[in-house]
Amino acid sequence: MAIDNVGGASSWAAVSSPKEALELLNSGLAVAVVDSADMAAEIGGDQSRIALRYARSAHTYSTCAQAIKSALDEGIYCAGTIILEITPENINEATLTDAGGSSLLSDLVKAANGRYLGTSGPVRIAVEIAADSTSSWTDDLLTSVAAAGADSIVKAELLALESDSAQKMPLAKAFAIASSLSSDRPDGLFTTVVVDEQRVCLGVAYSSIDSIAAALDSGEGVYWSRKRGLWRKGLTSGATQTLLGISVDCDSDVLCYRVRQNGAGFCHLNTHTCFGPASGISQLAQIVAERKENAPEGSYTKRLFNDAQLLRAKILEEATELADAESKEEVAFEAADLLYFAMVKCAAHGVTLSDVERNLDYKHKKVVRRPGNAKPQFTKDSSAAKADAKDNTGAGAAGAIRTSILNADIKPAQPGERIRMRAYKSEELSFEEREALLQRPIIDSEEIMKRVRPIVDAVRVNGDAAVLEFTEKFDRVKMDSLIVRAPFDVPELSKDVRNAIDQAYANVYTFHSAQLGSDTCVETMPGVKCSRFSRAIERVGLYVPGGTAVLPSSALMLGVPAQVAGCREIVLATPPRADGTIVPEVLYVAHKVGATAIVKAGGAQAIAAMAYGTETVPKVDKICGPGNQYVTAAKMLAQNDTAAMIAIDMPAGPSEVLVVADATSNPAYVASDLLSQAEHGPDSQVVLLAVDMTDKQRAAVEDQVHEQASRLPRVAIVRQSIPKSYCLGVNSMAEAMAFSNAYGPEHLILQNDKASDYVKDVVNAGSVFVGQYSPESCGDYASGTNHTLPTYGFSKMYSGVNTGTFLKHITSQELTREGLANIGQTVMTLAEVEELEAHRNAVAIRLRDMA
C-alpha cells in the first residue's frame, strides 16, 4: 500500500485492446488494466504490468463468489493484479469468515501470494466498489478488506486532505486503515524510515496520523517529534523536504517517506544522512552540482563546464578506454571515469540523477525493443561482423533451432486463435532439432534462492519464533504454537469423502505393502556369509501443500509408504487454515497413516523447521513431498547443507506428460490426457508421439485439444503451455519408445494398439498408464501407485516415491575361521597393492594366530 506523488512512474490506465495496451506500456505506462483474461494472455510479456478487472458490466458472473472463482481459476495466472469491482454488500459476502477463519477473499489472497512474479513479488488482489453502487467505502469496509489481505481502491473524489471534511474520508486515515498500519510502541507512533529519490536512507523519524495528514496536505516532510509534537522538517534550518510518496513495509508496522531533500541535508550536523555523508553516485551527483555553481575560475571542472568540445572529447576518450578495458580492475576504473564526465554533462544541462533514473525506469518499461544494433561508425567491417554473428547465433545456439523450447518465436495462443501444439515430423528433423525437443522450459532459480535462503537461515537460528513469524507474514495466520501431536482430534467428514479416502488408502496400502522385499543372505565362498537387510528411516518429514487447497491425496501418497516401511516418527507439515487449524481431510489421513506429529506451517519455513529441528518441531532425517518452487528450493538448500544432515526424495520441476498414440487411439481421450497436465501451469509441457498417423488423424487430435481447452476454466494457462508443447510424428513404436526413453517423462501414457506389449520397452519414466482406460488422474488419486514422481527428465536417475523411499539397506558379513583362511591372502594382496598396511595387518595378525 502506498501513496505516490511521482506522476507517470505509477500511472495505471484502462485499455480496450492488446494493441493499445502494448503502445501505452511501451510509452512508460506502469500497468495496463484489462477486462478479460483472454486480453491479458494476448498482451503477454511482464505479467506484473497487467491488471485484470472483474467488472460487473464486462463479465457474465452473477455472484461475488463466481467472480472470485474466476480469479482463482484463471486471473492470477495471467495478471499481476486482480481488481474485483463489487458492491459493499459483496464485500461483506467476500470477507465473511467460516468456522476455520477463512473467507472467499482471504482464500483468493492466499492463492495469489503463492504466485510470485520475480522481483515484483506476488500477485496482488484489490477491491473496488462498483460505480453503480448506492453506498460507498466506510471504515469498516476498509478494515474488512485489509484483514483479508487485499488492497482497497478508493476514488480520489471520495478522499480529502483535510480531516475536517464531513462529506469525504480523510486520506491519512483511509491510508492507515487500508494498509493495516499498526504500531508496537507504547506511544502509538509509527517508526518512519526516510529515504531520498535514490532510496538512500537519510534517517529514522516517527509519525502519527496527524503528522501523516499534515505531510500529505503540505506536500512536505512532516513528522511527529516525541518531544515537540508536530515537526515540519527544515522549517527553521531551511533543509526542507518535498514529499514524493509514503508507503508501508510488508508487515504494516513501519512507514517509508520518500522525499527530495533540500538544503544541507537531513541530519542536524549538515550531512546528507544521519549515517554520514552520501557516497558513490549520489555523492558524485551532489559534488558535480555544487561545482557547477562555485568551481574556481581556471579549475579543470570549470573548463569542462565552459568548454563543450573538451567535455565531448573526454566522454569519447573514456568510453573508448572502457570499451577496451579487459581486467576487472581496469573496467571498474574506466567506468568510474566515464560516470564522472557523464555526470558533468548532465549537470551542465540541468539534468539530475533522478532525471537519469526516471529514464532508466522508462526504458525498462518498454515492451517493444529496437534491434539494438550499433551505428555504422562504431561497428567493425561487415565481414568481421558476420563472423561474430555466426559465432553468437550459429547452428549450435539453442535459440536458433526452430524446435527448441528456448525459441523466442514461441508465443501464447491469442484469443480467437486455435490452441494448438507445435507439430513436427521426425524424418524432417536434423539431429540437433531432434535433440532440442528433449529440452524443458528453463527454470531460473537464482531469484528464488535469494528469497528462500534468508527464510531457511532465520528458522535455523530462531526456531519456532521464526516459523510463527513467517506463517503470520505469508499465510496471514497468527498462532501461539506450531505442533499438534498424536492422537489427533479428527473432525467428522461427510460419508462420501470418508469412503473415498478409505478406498484410496486401501489401494495405496495394498500396492506399497507388496513392495516390501525379504532379506538376502549368500555364502560367497565356504565360510564367508554376506547378507543385506532393510531398516526403516527412523524420522521422516512429509510436506503436504495446502492452506487454501484440500490435498488429502498428497498426504496419502507420502504417509502410506512411510507407514508400510515402519518409520518410527512420521512428521507431517501442512499450511494451516485462517483459524490456525488443519484441513479436516488431511487430519483424517494423518490419523490413518499413523503420523506422530503435524507441523502447522507451509513453504520454505516448514521445510527448514523439519530439516534443522526447532524447540517443538522434531528434526527428521529425510523430507519428501511436492511443493511450489520455494519449497523445492528449501529442500535443495537443506540437502546441500551438511549441518542439516538431511536427504530429500527428488528434485522437482513443472508437471509433464508424454502420450503415445496411433490410428487406433480415441482423439478425445488423447486430448483430455494432454490437457490434464497442460492446465497445471504455464511452464507445464505435454508431448504427443503420433505413431504412423495420417495428417487427418493428427488433425482430429488437434481439434479435440482446441475444443476441450476452450471450455476449461483455466484456459488462460493452457493458452501458454500448449504452444510450448508439441506433437512429433514418428514412423514406428520402436522409434516412439526410443524418443520417450530419451525424454524421460514424469507421466507416460500408452494409448496405442496392444499397449501392454510395450511396457517392457520403457526405460525412463516416472509412472506409466497403459491403455485407453488408464487416465493419469487415476494414478493421482486412487489406483494404488504413487503420484509423487520425478519431473524435468529426472526419471532417468530417480524413482517416484515408493516404500523403498523410506527404507535404507544395510549389509553384513560373517566369516568363520575357515572363511578367513580362504579369503585372507586375497585381501592382503589387494591391500599391499593399495599400500594400506593397516588393512593388510588386520588380516595377517589373525592368520598368524590361526597357524
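Disulfides, buried residues and one cavity

The structure, a predicted model, holds zero disulfides.

User: What makes Cys78 a cysteine that is in no disulfide?

Analyst: A pair counts as a disulfide when the two sulfur atoms are within 2.5 Å. For Cys78 the nearest cysteine sulfur belongs to Cys64 and is 18 Å away, so the pair fails the cut-off.

User: Is Cys78 buried or exposed, and how do you know?

Analyst: Buried means under 20% relative accessible area. Cys78 has 5% relative accessibility, so Cys78 counts as buried.

User: Why is there no bond between Cys250 and Cys256?

Analyst: Cys256 holds the cysteine sulfur closest to that of Cys250, but the two are 12 Å apart, which is too far for a bond. The limit is 2.5 Å.

User: What is Cys250 called, buried or exposed, and why?

Analyst: The cut-off for exposed is over 50%. Cys250 has a relative accessible area of 57%, so Cys250 is exposed.

User: How do you know that the length of α18 agrees with that of a helix?

Analyst: Helix α18 covers residues 495-513, which is 19 residues. At 1.5 Å a residue these should span 27 Å; the end C-alpha atoms are 26 Å apart, so the two values agree.

User: Which residues of α18 are buried, and why are they said to line one face?

Analyst: The buried residues in α18 are Ile501, Ala504, Tyr505, Val508 and His512. Viewed down the axis of α18, they fall within an arc of 105°, so they line one face of the helix.

User: What does the face of α18 turned away from the buried side carry?

Analyst: That face carries Lys495, Asp496 and Thr510, which are exposed.

User: Which residues are buried in α8, and what follows that helix?

Analyst: In α8, residues 209-218, the buried residues are Ser211, Ile212, Ala213, Ala214, Ala215 and Leu216. Gly219 comes after α8 and has a positive phi, near 70°.

User: How many cavities of 30 Å³ or more are there, and how much space lies in the largest?

Analyst: The count is one cavity of 30 Å³ or more. The largest cavity holds about 50 Å³ of space.

User: What lines the largest cavity, and which helix gives the largest share?

Analyst: The lining consists of Met421, Leu688, Arg698, Val701, Glu702, Val705 and Cys727. Helix α24, residues 695-710, gives the largest share, four residues.

User: How does the lining of the largest cavity divide into nonpolar, polar and charged residues?

Analyst: Five are nonpolar, none is polar and two are charged. Arg and Glu count as charged, and Met, Leu, Val and Cys as nonpolar.

Methods
Residues numbered from 1 in each chain as written. Predicted model: local features only at pLDDT ≥ 70, side-chain atom pairs only at ≥ 80, totals over all residues. Heavy atoms only, no water. Buried < 20%, exposed > 50% of the residue type's maximum accessible area, 1.4 Å probe, protein only. Helix = DSSP H or I, 4+ residues; strand = E, 2+ residues; numbered from the N terminus. 1 Å grid on protein atoms, 1.4 Å probe; cavity = no way out; pocket = protein on both sides within 12 Å on 5 of 7 lines; lining within 4 Å. Points joined across faces, edges and corners; volume = space filled by probe spheres on them. Expected span 1.5 Å × (residues − 1). Arc of directions from axis to C-beta.
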